[in-house]
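Okay, thanks everyone, let me get the model up on the screen. I'd like to talk about the ligand first, and then about the spaces in the protein.

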Amino acid sequence: MNEKHTIINLDEAKKLKEKYPTPFYIYDENGIRKQAEEFISAFSWNEGFREYFAVKATPNPAVLKILKSCGCGVDCSSLTELMMAKALGFEGDDIMFSSNETADAEFALAAQLGAIINLDDITHIDALEKAAFIPERLCLRYNPGGDFEIAGEIMGRPSDAKYGMTKKQLFEAARILKQKGVKRFGLHAFLASNTRGNDYWPALSLLLMETAAEVEDKCGVKVEFVNLSGGLGVPYRPSEDKCDIAEIGKRIEKNAASIFKKYGRRYKIFTESGRFMLAPYGQLVSEVIRFKHTYKEYAGLDACAANLMRPAMYGAYHHITVLGKENKKADRKYDVVGSLCENNDKFAVDRMLPELEEGDIVVLHDAGAHGFSMGYNYNGKLRSAEILKKSDGTYELIRRAETPTDYFATLDIYPEFACFKR
Ligand SMILES: *Cc1c(COP(=O)(O)O)cnc(C)c1O
């Protein structure tokens with residue numbers, strides 16, 4: 001069980017709404033800081049541990065600055081994410097670059113920034129050498145194939161995943177890179193997403209540390225770190241439990257001890273968590289603007305899937321709180337929908353809620369990761385503002401809402417739209 005709290009109450013929402021029309025995202029600095037501190041302290045036993053926050057989950061400068069001040073690095077996967085990291089003062093060891101189908105310009109900037117480059121494929125050795133140079137330290141992304149099972153339960157299907165290289169390719173890549181002057185290696189794998197319970201990272205850590213020892217023995221190279229990447233889930237439903245990060249850290253520590261006993265080796269642990277770090281600390285705030293009574297009861301919001309895509313894309317559950325009606329009985333059944341001309345634009349189907357009225361403000365929970373960032377402009381919809389509730393209780397606009405001028409900016413090549421030139 002986990003209790004769902006809203007970051008702002010009805011009064012706060014009404015006040016914010018005067019200045020920043022709904023829909024908007026609200027983030028909780030206190031929550032983010034507390035989470036980052038707990039997360040990092042779960043790995044305090046591991047010398048050299050680092051969390052590289054997955055920028056794609058929440059690419060907002062204010063959020064990245066908070067995480068930076070907590071000691072996190074960033075995991076980037078594209079040119080603009082690298083540019084954002086650079087602009088915010090991340091450099092060298094602060095940046096992990098875990099990309100795939102990587103363009104030359106991306107390799108070039110990552111190399112120039114001294115980022116830790118995580119090669120997705122053996123063919124990327126040549127690509128990187130041509131686009132930039134082979135650095136002294138590199139990470140390799142491993143895909144063990146088959147199903148990833150823990151205690152008989154399938155957690156992920158690596159054999160279907162486009163990421164990473166086979167074990168044979170891993171050994172060959174390490175040998176080639178050794179000849180090309182790489183002195184320090186890392187090993188990375190991402191085998192399951194949004195996992196619940198505490199089993200995924202401990203199992204993955206063992207697999208990666210075993211494989212690291214094997215690579216060292218077979219290829220005569222030094223592996224410095226294993227990168228557990230992302231994949232830790234969050235309890236989107238109130239009935240679900242949160243992962244126990246302290247317990248996960250302890251179990252990885254045990255695995256590290258067994259690897260030390262067996263091989264006499266220690267590895268730094270790196271992580272690239274996105275969802276677990278941020279999802280619970282961001283919420284989408286939206287107003288109920290329309291109702292329909294047809295074959296079902298529909299409540300229409302001023303937000304749509306362009307603001308939060310997960311329900312439309314994955315059928316994902318996001319808990320909904322109606323501000324000011326927290327203690328009212330949830331005795332009405334609604335489809336809570338957005339305005340896209342797409343029938344999958346439904347934030348909730350057959351959801352029991354208190355009776356809704358026009359003007360009610362609703363909060364969609366656990367939208368702090370892979371929420372705003374997955375937004376898009378379908379139907380000409382504009383991206384919303386993002387607001388931070390700071391530790392001192394004040395509010396800060398951390399991204400303004402898009403305007404039609406932003407939307408038409410790329411059409412300024414037409415005389416009819418030249419007035420939208422920025
Ligand atoms: C998306 C991604 C992450 C973050 O995943 P979460 O599930 O949000 O923790 C980390 N690393 C890589 C390479 C990714 O693609």
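So, start at E272: one of its polar side-chain atoms is 2.7 Å from a nitrogen atom of the ligand. I'm calling that a polar contact, meaning a pair of N or O atoms within 3.5 Å. Before I go on, this is a predicted model, where local features need pLDDT of at least 70, side-chain atom pairs count only at pLDDT 80 or more, and totals for chains, interfaces and linings use all residues. Residues are numbered from 1 along each chain as its sequence is written, and side-chain values use heavy atoms, with hydrogens and water left out.

Back to the ligand. A polar backbone atom of G274 sits 2.9 Å from a ligand oxygen, and for G231 a backbone N or O atom is 3.2 Å from an oxygen of the ligand. How much of the ligand does the protein cover? On its own the ligand has 390 Å² of accessible area, and 91% of that is covered (Shrake-Rupley method, 1.4 Å probe).

Who's around it? There are 14 residues, and K56, E272, G274, R275 and H370 come nearest; "around" here means a heavy atom within 4 Å. That shell splits into two nonpolar, seven polar and five charged, with Gly counted as polar and Tyr as nonpolar.

Now, which space does the ligand take? It's the largest pocket, at about 930 Å³. A pocket, on a 1 Å grid over the protein atoms alone, is an open set of points with protein on both sides within 12 Å along at least five of seven lines, and lining residues have an atom within 4 Å of a point. To sit in one, a molecule needs more than half of its atoms within 2 Å of the grid points. The volume is the space filled by probe spheres set on those points.

Its lining has 37 residues, and K56, Y163, F190, S193 and H370 lie nearest the centre. By class, that's 14 nonpolar, 15 polar and eight charged.

The second largest pocket holds about 450 Å³. Among its 20 lining residues, E3, H5, P280, Y281 and Q283 are nearest the centre.

Last stop, cavities, where a 1.4 Å probe fits but cannot get out. The whole structure has one of 30 Å³ or more. The largest cavity is about 50 Å³, and its lining includes R141, Y163 and F190. You've met Y163 and F190 already, in the lining of the largest pocket.

Definitions and conventions:
Polar contact = N/O pair within 3.5 Å; in protein donor to acceptor, adjacent residues only side chain to side chain.
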